[in-house]
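Please open the model in your viewer and keep a selection panel at hand, since the tour moves from one selection to the next.

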Amino acid sequence: IPLYRKTHVFFHIMAFERCNNSYLVNLKQVTAVAKDSVQVGGDWLPISRTKKKPFMNALTEYMGGTSV
C-alpha cells in the first residue's frame, strides 16, 4: 500500500480532514462552519470548492449524522 494511502486512512481514523490543500483540520476542534470556511479554535480557515463536499461529509459523519 502506498504511503499516501496509509497516511490518508490514518488521518481519517484519527478524525482529521483537509479543508483545502494547505490545512489539515482536527474535526474535534471545529467550533463553527460558515458558507466557505470553518472555525477551528479562534481561526477561520477557508474550505476549497474541491474539498467542501468530502470535508462536510467527514464532519457530519464525525458529529454522528449521515453524510451525503
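A polar contact, as the term is used here, is a pair of N or O atoms within 3.5 Å, where within protein one atom must be able to donate a hydrogen and the other to accept it. The coordinates you are looking at are those of a predicted model.

**The whole chain**

Begin with the whole protein chain selected and coloured by secondary structure, which comes to 2 helices and 5 strands, arranged along the sequence in the pattern α-β-β-β-β-β-α. If you switch to a surface representation, the accessible surface is about 5,000 Å², with 57% of this area belonging to carbon and sulfur atoms. The protein chain has 68 residues, and 25% of them count as buried. Should you draw a contact map, 32% of the contacts with a separation of 6 or more are made by residues 24 or more positions apart.

**The sheet**

Next, select β3, β4 and β5, which form an open sheet in the order β3-β4-β5 with antiparallel pairing. In this sheet β3 (30–33) and β5 (43–46) stand at the edges, and because each has a single partner strand, one side of each is left without a neighbour. Looking across the strands, you should find a twist that averages 30° from one strand to the next. Strands of a sheet pair through backbone hydrogen bonds, so a display that includes backbone atoms suits this part of the tour.

Stay with β3 and β4, which form a hairpin with 3 residues between them and pair in the antiparallel sense over 3 bridges. Two positions let you follow the register: Val 30 has Val 40 in β4 as its bridge partner, and Ala 32 stands opposite Gln 39 in β4.

Now move to the other side of β4 (residues 37–40), where 4 bridges join this strand to β5, again in an antiparallel arrangement. Here Val 40 has Asp 43 in β5 as its bridge partner, while Ser 37 stands opposite Pro 46 in β5. The hairpin of β4 and β5 has 2 residues between the strands, and Gly 41 takes a positive phi near 65° in it.

**The side chains of β4**

Which way do the side chains of β4 point, and are they buried or exposed? In a regular strand the side chains alternate between the two faces of the sheet. In β4, Ser 37 and Gln 39 point one way and Val 38 and Val 40 the other way, and all of these residues are buried. Select Ser 37, which is found in strand β4, and note that its relative accessible area is 18%; since buried means under 20%, Ser 37 counts as buried. Leaving aside neighbours within four places in sequence, Ser 37 is in contact with Trp 44, Leu 45, Pro 46 and Ile 47.

**Asn 20 and its polar contacts**

Pro 46 also leads to the next stop, Asn 20, because the side chain of Asn 20 reaches the backbone oxygen of Pro 46 at 2.8 Å, within the 3.5 Å cut-off. Asn 20 has its place in the loop between β1 (16–18) and β2 (24–26), and Asn 20 is buried, with a relative accessible area of 8%. A polar atom of the same side chain lies 2.9 Å from the backbone nitrogen of Tyr 23. If you select the surroundings, leaving aside neighbours within four places in sequence, the residues in contact with Asn 20 are Pro 46, Ser 48 and Lys 51.

**Helix α2**

Finish with helix α2 (residues 49–63), whose 15 residues reach 21 Å from the first C-alpha to the last, close to the 21 Å expected at 1.5 Å a residue. Which residues of α2 are buried? They are Phe 55, Asn 57, Ala 58 and Leu 59, and if you show these side chains together with the strands, you can see that the buried residues of α2 pack against β1, β2, β3 and β4. As a last selection, take Gly 64, which follows α2 and has a positive phi near 105°.

Definitions and conventions. Residues numbered from 1 in each chain as written. Predicted model: local features only at pLDDT ≥ 70, side-chain atom pairs only at ≥ 80, totals over all residues. Heavy atoms only, no water. Buried < 20%, exposed > 50% of the residue type's maximum accessible area, 1.4 Å probe, protein only. Contact = heavy atoms within 4.5 Å. Areas by Shrake-Rupley, 256 points an atom, 1.4 Å probe, with all protein chains shown as cover. Pairing = 2+ DSSP bridges. Axes fitted to C-alpha atoms, helices over the stretch in contact; angles between N-to-C directions. Expected span 1.5 Å × (residues − 1).
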